[in-house]
Amino acid sequence: MQSIVAVLRNSLYGFGADPSADLIIGWHSSKYDGILQEINARMILYNFCELVTSHAVVKTSKNTKHVYKINFATAVNICRAYLKHGGDETETMLLIQKYLTPVRYNRKYPIHLHPKRNRDFMYRVA
């Protein structure tokens, strides 16, 4: 399992999203309890998706160039649709296993992330 910092980062920026995106201000509430509820809901969704993807089997042939892993951003969207609409568990698992991402070691160009500033609710005070 990942650390609590990684879970909060994923819940703040969205799963698989660019942290420099403007998703950190996407809270639906300005009250403290509402924001806590959204953080808890996103952490529960993250834990559920992590559990489902950890049980998914990656099937690859022996003559592939890269090692593959489950695409977690797509798996989160599939798990969210499963929780919202229901459906068959085996079809959901097969759909998650279909979307793979290559694991590339020793990348030449590392990704440099620049966080954006936090927005406040001062526009509501007027």
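Before I read out the order of elements, let me say that helices and strands here are DSSP runs, with at least four residues for a helix and at least two for a strand, and that they are numbered from the N terminus. What you have in front of you is a predicted model, so please keep that in mind as I go through it. With that definition in hand, the elements of the protein, read from the N terminus, follow the order α-α-β-α-α-β, which comes to 4 helices and 2 strands.

Let me add two overall figures before we look at particular residues. The protein has 126 residues, and buried residues make up 23% of them. If we take the contacts with a separation of 6 or more, then 66% of these are between residues that lie 24 or more positions apart.

Now I would like to turn to two of the helices, H2 and H3. In general, two packed helices are described by the angle between their axes and by the distance between those axes. How are H2 and H3 placed relative to each other? They pack at an angle of about 110°, and their axes are 10 Å apart. Angles from 65 to 115 degrees count as roughly perpendicular, and H2 and H3 are therefore described as roughly perpendicular to each other.

Which residues bring the two helices into contact? On the H2 side we find Leu45, Tyr46, Phe48, Cys49, Glu50, Val52 and Thr53, and on the H3 side they meet Phe72, Ala75, Val76, Cys79, Arg80, Tyr82 and Leu83. Sorted by character, the residues of this contact divide into 11 nonpolar, 1 polar and 2 charged.

One of the H3 residues in that list is Val76, and at 1% relative accessibility Val76 counts as buried. Val76 and Thr53 are 23 residues apart along the chain, and their C-alpha atoms are separated by 9.0 Å.

Next, the aromatic side chains, where a search of the whole structure finds 1 aromatic pair. That pair is formed by Tyr46 and Phe72, which are arranged edge-to-face, with 5.6 Å from centre to centre and 65° between the planes. The pair links distant parts of the chain, since Tyr46 sits in helix H2, residues 32-55, while Phe72 sits in helix H3, residues 72-85, and the two are 26 residues apart. Are these two partners buried or partly exposed? Tyr46 has a relative accessible area of 2% and is buried, whereas Phe72, at 21% relative accessibility, counts as partly exposed. The cut-off matters here, because buried means under 20% relative accessible area.

Staying with H2, we come to the charged residues, where the count is 1 salt bridge. Arg42 forms this salt bridge with Glu38, and their closest N and O atoms are 3.8 Å apart. Because Arg42 and Glu38 are 4 residues apart in helix H2, they are separated by about one helical turn. Arg42 counts as partly exposed at 23% relative accessibility, while Glu38 is buried, with a relative accessible area of 14%.

Finally, let me move to helix H4, residues 89-98, where Thr92 is found. Thr92 is buried, with a relative accessible area of 15%. What does Thr92 touch, if we leave out residues up to four places away in sequence? Thr92 touches Ile78 and Tyr82, and Tyr82 is a residue we have already met, as one of those in H3 that take part in the contact with H2.

Definitions and conventions
Residues numbered from 1 in each chain as written. Predicted model: local features only at pLDDT ≥ 70, side-chain atom pairs only at ≥ 80, totals over all residues. Heavy atoms only, no water. Phe/Tyr/Trp six-rings, centres within 6.5 Å; stacked < 30°, edge-to-face > 60°. Buried < 20%, exposed > 50% of the residue type's maximum accessible area, 1.4 Å probe, protein only. Contact = heavy atoms within 4.5 Å. Axes fitted to C-alpha atoms, helices over the stretch in contact; angles between N-to-C directions. Parallel < 35°, antiparallel > 145°, perpendicular 65-115°, else oblique. Nonpolar A, V, L, I, M, F, W, Y, C, P; charged D, E, K, R; others polar. Salt bridge = Lys/Arg side-chain N within 4 Å of Asp/Glu carboxyl O.
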